[in-house]
Amino acid sequence: MTKQAFVALVTCFNEDETINYQATRAQVRRQVEAGNNIMCAGTNGDFSALTFEEKVRLTEEVVDEVGGRVRVIVNAGMPATFETVKLAREFDRIGVDGIAVITPFFIACTQDGLIRHFSTVADAVKTPVYLYDIPARTQNHIEPETARTLARHGNIAGIKDSGGARETLEAYLAVAKDIAGFEVYSGPDHLVLWALQNGAAGCISGLGNAMPQVLAGILKAVNAGDIAEAERQQAIFTAFRTDLYALGFAPAMVKRALYLQDSSVGASRQPALLPSNEQDAQIMDILRRYDL
């Protein structure tokens, strides 16, 4: 099976924090040209700061720009099952390739509650649904046995693991090995190659916004069976991640690095993320060291 890379695409903003759809389309083209698929309205896309209507239009714009050249997954996850279903139905209508559903945030969920939540969403749409686990941000974790239960649902196609723990990723991969048609996508950028070598269907990367060619290079090398080249590209990706993420909140650092490469992407629409001149100088130094 051909392994696939998705980039968790940034959402571009104007100075007044309205969405810059043209700049977002330009970022879509950049990723498509590199050979990467697209995930929009995810963590790196400021999804928690977007309105319902903005998410719908953003998805329409991305799907239109992609024009069927690569796959598009969009995140519909919200704290309430009701709104998640409403969003998922809109994305189903638009015609995306997959609907990711991040675990509910703010509200503490039992595992039975998560099973009901994800099953309800998957029952409501025809588009394949992908579970999205990122417990550090949502405080809700999809236990491997819960993933195993959900993997048997006819319209739940896989999971994005952004937990960062290799043990959890291994447990999800064991589910995929046992249940045909259930795919695992790795979120942590330092585990891309490891996950691919151990059965993952692909990865969904935030860092790929700033380094699309290297991300695509890892996947291209793996699919060609050139593990030495994949290891070389992964080493660059991991080193860049280590240097950049040491400066602050990872999605904010990715967005700022991209902004310093191309100011049309705008700032993040999040509170308390104003960069300092010192931080910008550090990011610029990192970008120069990696020829970006």
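User: Hi! Which residues of H11 are buried?

Analyst: Pro251, Ala252, Met253, Val254, Lys255, Arg256, Ala257 and Leu258. Buried means under 20% relative accessible area, exposed over 50%, and partly exposed in between, with a 1.4 Å probe and protein chains only. One caution: this is a predicted model, where local features need pLDDT of at least 70, side-chain atom pairs count only at pLDDT 80 or more, and totals for chains, interfaces and linings use all residues. Residues are numbered from 1 along each chain as its sequence is written, and side-chain values use heavy atoms, leaving out hydrogens and water.

User: OK, and what do those buried residues of H11 pack against?

Analyst: Three helices: H1 (21-34), H10 (227-245) and H12 (277-289). Contact here means heavy atoms within 4.5 Å.

User: Does the length of H11 add up? I mean, what should its 12 residues span?

Analyst: At 1.5 Å a residue, helix H11 (residues 250-261) should span 16 Å, and its end C-alpha atoms are 17 Å apart, so the two agree. The expected span is 1.5 Å times one less than the number of residues.

User: Zooming out, how many helices and strands are there?

Analyst: The protein has 12 helices and eight strands. These are DSSP runs numbered from the N terminus, with at least four residues (H or I) for a helix and at least two (E) for a strand.

User: And how much of the protein is buried?

Analyst: 57% of its 292 residues. As for contacts between residues at least 6 apart in sequence, 75% join residues at least 24 apart.

User: What box do the C-alpha atoms fill?

Analyst: Roughly 50 × 45 × 35 Å, along the principal axes.

User: Back to H10. What is Ile236 in contact with?

Analyst: Ile236, which lies in helix H10, is in contact with Met211, Val214 and Tyr290, leaving aside neighbours within four places in sequence. Ile236 has 26% relative accessibility, so it counts as partly exposed. From Ser205, Ile236 is 31 residues away in sequence and 14 Å away in space, C-alpha to C-alpha.

User: Any odd backbone angles? Which value does phi of Glu17 take?

Analyst: Phi of Glu17 is near 75°, a positive value in a residue other than glycine. Glu17 sits in the loop between strand E1 (4-8) and H1. Phe106 also has a phi near 75°, and its place is the loop between strand E4 (98-102) and helix H4 (111-124).

User: Is Phe106 buried or exposed?

Analyst: Exposed, with a relative accessible area of 83%. Glu17 is partly exposed, at 40%.
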